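Reader: I'd like a close look at one part of this model, a place where two helices meet. Please start with the whole chain, so that I know where I am.

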Amino acid sequence: MKCPFCGDQESKVVDSRHSDDGQSIRRRRECMGCQRRFTTYEIVESLPIIVVKRNGSRQSFDRNKILNSMIRAFDKRKVDVSELDRITLEIEQTIQNSLEREITTDKIGEMVMERLKPIDEVAYIRFASIYHRFQDAGSFMREISKFLEEK
């Protein structure tokens with residue numbers, strides 16, 4: 001690590017601590033040339049994810065959209081928001097770990113439905129009704145029948 005004071009390339013780590021958010025590591029370093037101390041932060045580099053919407057437009061991935069859609073599906077239902085946050089994080093990590101830098105809203109919707117199904121049947125059906133854009137009662141009933149057959 002290059003010293004910000006004298007430019008020497010050699011330094012040693014004298015202290016390391018996790019940051020409060022757990023997303024980075026703070027390191028105190030001492031320059032081997034001038035013996036001055038400085039702080040560096042080490043973080044995991046994440047590549048941006050692009051979401052391809054149904055109309056073909058593209059936008060940056062926003063985990064809050066997944067969380068908010070699940071919260072709407074659980075309206076007036078008992079759910080621990082930390083559970084929904086855990087699901088959102090799990091989906092985000094799955095997307096980050098894939099080698100793809102683009103993902104469709106359809107794939108994201110399928111991931112959400114897969115995780116909602118075992119938690120709450122009503123929330124699953126609510127989410128599916130929005131995700132599949134049911135136009136009539138028949139399409140809604142087909143989804144419910146499909147759900148009941150898989151149980």
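What radius of gyration does the chain have, and what would a compact globule of 151 residues have? Then take me to the contact of helix 1 with helix 4: at what angle do their axes cross? Which residues meet there?

Author: Keep in mind that this is a predicted model. The chain has a radius of gyration of 23 Å, whereas a compact globule of 151 residues would come out near 15 Å. The C-alpha trace spans about 75 × 35 × 25 Å along its principal axes. Buried residues account for 29% of the 151 residues. Now take contacts between residues at least 6 apart in sequence: 40% of them join residues at least 24 apart.

Next, the elements. The chain holds five helices and six strands. Read from the N terminus, the order is β-β-β-β-β-α-α-β-α-α-α.

Now your contact. Helix 1 covers residues 63–73, and helix 4 covers residues 121–131. Their axes come within 8 Å and cross at roughly 120 degrees. Angles of 65 to 115 degrees would count as roughly perpendicular, and those over 145 as roughly antiparallel. The crossing fits neither range, so helix 1 is oblique to helix 4. The crossing is right-handed.

The residues come next. Helix 1 brings Ser 69, Arg 72 and Ala 73. Helix 4 brings Ala 123, Arg 126 and Phe 127. By class, that gives three nonpolar residues, one polar and two charged.

Look at the loops leading into these two helices. Phe 61 sits in the loop between strand 5 (58–60) and helix 1. Phe 61 is buried because its relative accessibility is 16%, and the cut-off for buried is under 20%. Leaving out residues up to four places away in sequence, Phe 61 touches Ile 49, Val 51, Ile 66, Glu 92, Ile 95 and Ile 108. Ile 66 falls within the span of helix 1. The C-alpha atom of Phe 61 is also 5.6 Å from that of Ile 50, eleven residues away along the chain.

On the other side, Ile 119 lies in the loop between helix 3 and helix 4. Its relative accessible area is 35%, so Ile 119 is partly exposed. Beyond four places in sequence, Ile 119 touches Phe 74, Glu 83 and Ile 87. C-alpha to C-alpha, Ile 119 and Val 79 are 9.0 Å apart, with their positions 40 residues apart in sequence.

Ile 87 leads back to helix 3. This residue is also a contact of Arg 115, which lies in helix 3 (residues 105–116). The other contacts of Arg 115 are Glu 90, Ile 91 and Thr 94, with neighbours within four places set aside. Although Arg is classed as charged, Arg 115 is buried, at 14% relative accessible area. Helix 3 appears in the Phe 61 contacts too: Ile 108 touches Phe 61 and falls within residues 105–116.

One last stop, away from the helices. Ser 11 belongs to strand 1 (residues 11–18). Is Ser 11 buried or exposed? Ser 11 is buried, with a relative accessible area of 18%. Outside four places in sequence, the residues touching Ser 11 are Met 1, Arg 29, Glu 30, Cys 31, Met 32 and Phe 38.

To recap your part: helix 1 meets helix 4 obliquely, in a right-handed crossing. Ser 69, Arg 72 and Ala 73 face Ala 123, Arg 126 and Phe 127 in that contact.

Key:
Residues numbered from 1 in each chain as written. Predicted model: local features only at pLDDT ≥ 70, side-chain atom pairs only at ≥ 80, totals over all residues. Heavy atoms only, no water. Axes fitted to C-alpha atoms, helices over the stretch in contact; angles between N-to-C directions. Helix = DSSP H or I, 4+ residues; strand = E, 2+ residues; numbered from the N terminus. Parallel < 35°, antiparallel > 145°, perpendicular 65-115°, else oblique. Left-handed = near helix turned anticlockwise from the far one by under 90°. Contact = heavy atoms within 4.5 Å. Rg over C-alpha atoms; globule rule 2.2 N^0.38 Å. Buried < 20%, exposed > 50% of the residue type's maximum accessible area, 1.4 Å probe, protein only.
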